[in-house]
Amino acid sequence: MSIRDLSDPEYFDEVAEANAEERSMDGLRPTYGTVDPLSGLMDPAESVSSRPEHHRLLKYLRREILPTTFCTGCGGGTVLNTFTNAIDEMRIDPKEMVCVTGIGCSSWIPSPYFLCDTLHTTHGRAIAFACGVKVMKPDMKVIIIAGDGDLAGIGGNHLIHAARRNIDITVFLVNNFIYGMTGGQVSPTTPFGIRTTTTPYANVEHPMRIADLVAAAGGSYVARWTTFHAFQLMESMQYAIRKKGFSFIEVMSQCPVSFGKSAGMKDPVSNLKYLRDNSIHVDGTKGMSEEELEGKFVVGRLVERNQ
Amino acid sequence: MLETTLAPAEIADLYLRSLGGTEHFIQGDEAAAMGALFAGCTFFGGYPITPASEIAEVMSRELPLIDGHYVQFEDELASISAVIGAAWAGARSMTATSGPGFSLMQENIGYAVMTETPCVIVNVQRSGPSTGQATLPAQGDVMQARWGTHGDHEIIALSPSTVQECFDLAIRCFNLAEEFRTPVIFLMDGEIGHVRDKTVFPSIGEVTRFPRRKGTEGQDAFGGETIPPMLEFGDGCFVHVTGSTHQDNGMRDVQTSTVHDRLVRRLVRKIDEARDRIAMVEVDVMDGAKTGVLAYGATARPALGAVLQARAAGAKVSFIRPITIWPFPGSQIAAACDGLDRLIVPEMNLGQVNREVERYVDCEVIHFGKIGGEIHSSAEIRAEIERANR
């Protein structure tokens, strides 16, 4: 295609018409804010009064922007689900919460979807912003949800120092092993040997074990769970929110689209099986060597301190 | 523990009241910090750096006395982040740094512009680039203050020439930040930061504090009017703050070109429209003068000295000192330069404000730059005046 072709108004008209036809097909799909996210899921024959109109947890979400933009099979939805359940069970008023996030897919879990005060910040700085919020609003629950690239990569220093300071904030780090939003580049947690879009000859670096790093840096509560362990994760979230001091959960999560294509697990189910099969509870790791634990996810409560 | 029935705000008020009318022989850094306290600063996040560290030291000593909060962070990235977070949680917040730290803060200064967060960033300029001459003054960050963060925006920056001005303008910085809901850069330099002058603290009753305009539930915090009201965390309004392009209600919308166009044009317009109101320029024009000297910050002091010496020797020389650096007070400077043939602009850099001046004035603009960490002497500037007059 020459620049002359590209500059030809008639050619552009053709492309525009073709695009318009495609878009009319798109009209069949729901667009933001115009369609009830649960419409179509309810049986129209069923009487409205016989069941609640909406899911009991919908009140915790910004309904006007649903459905979420997460890819099919993304672990982000599971984290949002467990988080919302945790808040509901704890009877926390969302008016008493601030969710602080960074940049990346995982940061979109609470901002914009969770209905509380939300601070969607620059890449890597969520914890630093949250420190300023917590100092001024010590009575509010300040919760950070962000990804591995955000909190452990570009923002790793803030994570270490917030743990050292033991400031009373709660961090849920969603570790999906990859930079998902930018299209699947290697991250600090990508397993050794995996090919990504920026490690086309395989990853030659070893992944960071983030929860262990935070446990060494300080903090009052450090745990690791996966999106496969939804109920354990929810209980752990409640514990972390309740715990005074810096609390941290590394949530191993699946990204079938960006990580899955690299690791040869394009379907969400095999991603979840990968998390299940490689998880080992911390209580069962006694006497195991470093080699035996290589590539395993040690789940459960790793550290609890009262400082 | 001392038992008291006073509320923290009353203690703060009593403490500041006790300082009213007192005279001090202090550094510019200390005066800027005390000015911030009088302006109602309640949060300071910082990281040590010469020649700005004294501001953090004073804040760490004074803020706990007035129920404020001081946190020393792991770096300047965290400092500016926490300052913005604290502002959304109700604080009047500030950080202070110098060149290298100011460079690190640029991304989040843009975030503060985009999210319309009132806060004050003090940059006690030092000699660069990079680590440069760590302890020595310069004026090399004037254009960085204007364009350091990426994307279209307007910014407010003020530059003091005396220690008393460090105090007074610090208060004005906070008020401009609140009035225009924007980050304000207090563009000091290492010389003014470390020089000691007599400084008088006003009585707290004389200090005007521009109150934060807060909205109510359902009100748009990011549009609807040129400077929308703020919804803070804890107000129960479920505010959504993002540095991404957003609609009037704060919801992210990065795909609609009209949303971005409307938002960014408004962010620029709210400051641009008020540039005459923000402008502060000291003008000392002499009838019939053909030569003028324009200087700001520390350089304005030897420059004024040179002008007064030249006048004593019979020369006619005008003196212009912009105190507001951004938005640039071009029309005020152009009016003051009316009738001049030439304008000498001494600066501690290799050419920054002189180019901005050229855009507004008709006369010849002679840049007289000096770098190396030493400010101009009056004799040097006077020699330049004589050379120009010849």
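**Exercise 1. Burial of a helix**

Task: In this predicted model, how many residues of helix 2 (residues 28-38) of chain B are buried?

Solution:
- Helix 2 of chain B is mostly covered, with 11 of its 11 residues buried.
- The criterion is 20 or more other C-beta atoms within 10 Å of the residue's own.
- Among the residues that meet it are Asp29(B) and Glu30(B), along with Met34(B), Leu37(B) and Phe38(B).
- Gly28(B) and Gly35(B) are also buried.
- Just after the helix, Gly40(B) adopts a positive phi of about 95°.

**Exercise 2. Confidence**

Task: What are the mean pLDDT of chain B and the ipTM and pTM of the model?

Solution:
- Chain B averages a pLDDT of 96.
- In that chain, 99% of residues reach 70 or more.
- For the model, ipTM is 0.96 and pTM is 0.93.

**Exercise 3. Two domains in contact**

Task: Which elements of chain B each supply at least two residues of the side of domain 1 that touches domain 2?

Solution:
- Start with the bounds: domain 1 of chain B covers 8-206, and domain 2 covers 281-389.
- Their C-alpha centres are 27 Å apart.
- Next, count contacts: 22 residues of domain 1 of chain B meet 20 residues of domain 2 of chain B.
- Now assign the domain 1 side: strand 6 (133-137), helix 6 (142-147), strand 7 (156-158), strand 8 (183-189) and helix 8 (190-194) of chain B each give at least two residues.
- Helix 6 of chain B provides the largest share, 4 residues.
- Finally, sort that side of domain 1 of chain B by type: 12 nonpolar, 6 polar and 4 charged residues.

Note on methods. Residues numbered from 1 in each chain as written. Chains lettered and ligands numbered in written order. Predicted model: local features only at pLDDT ≥ 70, side-chain atom pairs only at ≥ 80, totals over all residues. pLDDT = per-residue confidence, 0-100. Buried ≥ 20, exposed ≤ 12 C-beta atoms within 10 Å, placed from the backbone. Domains from an automatic or database assignment. Contact = placed C-beta atoms within 7 Å. Nonpolar A, V, L, I, M, F, W, Y, C, P; charged D, E, K, R; others polar.
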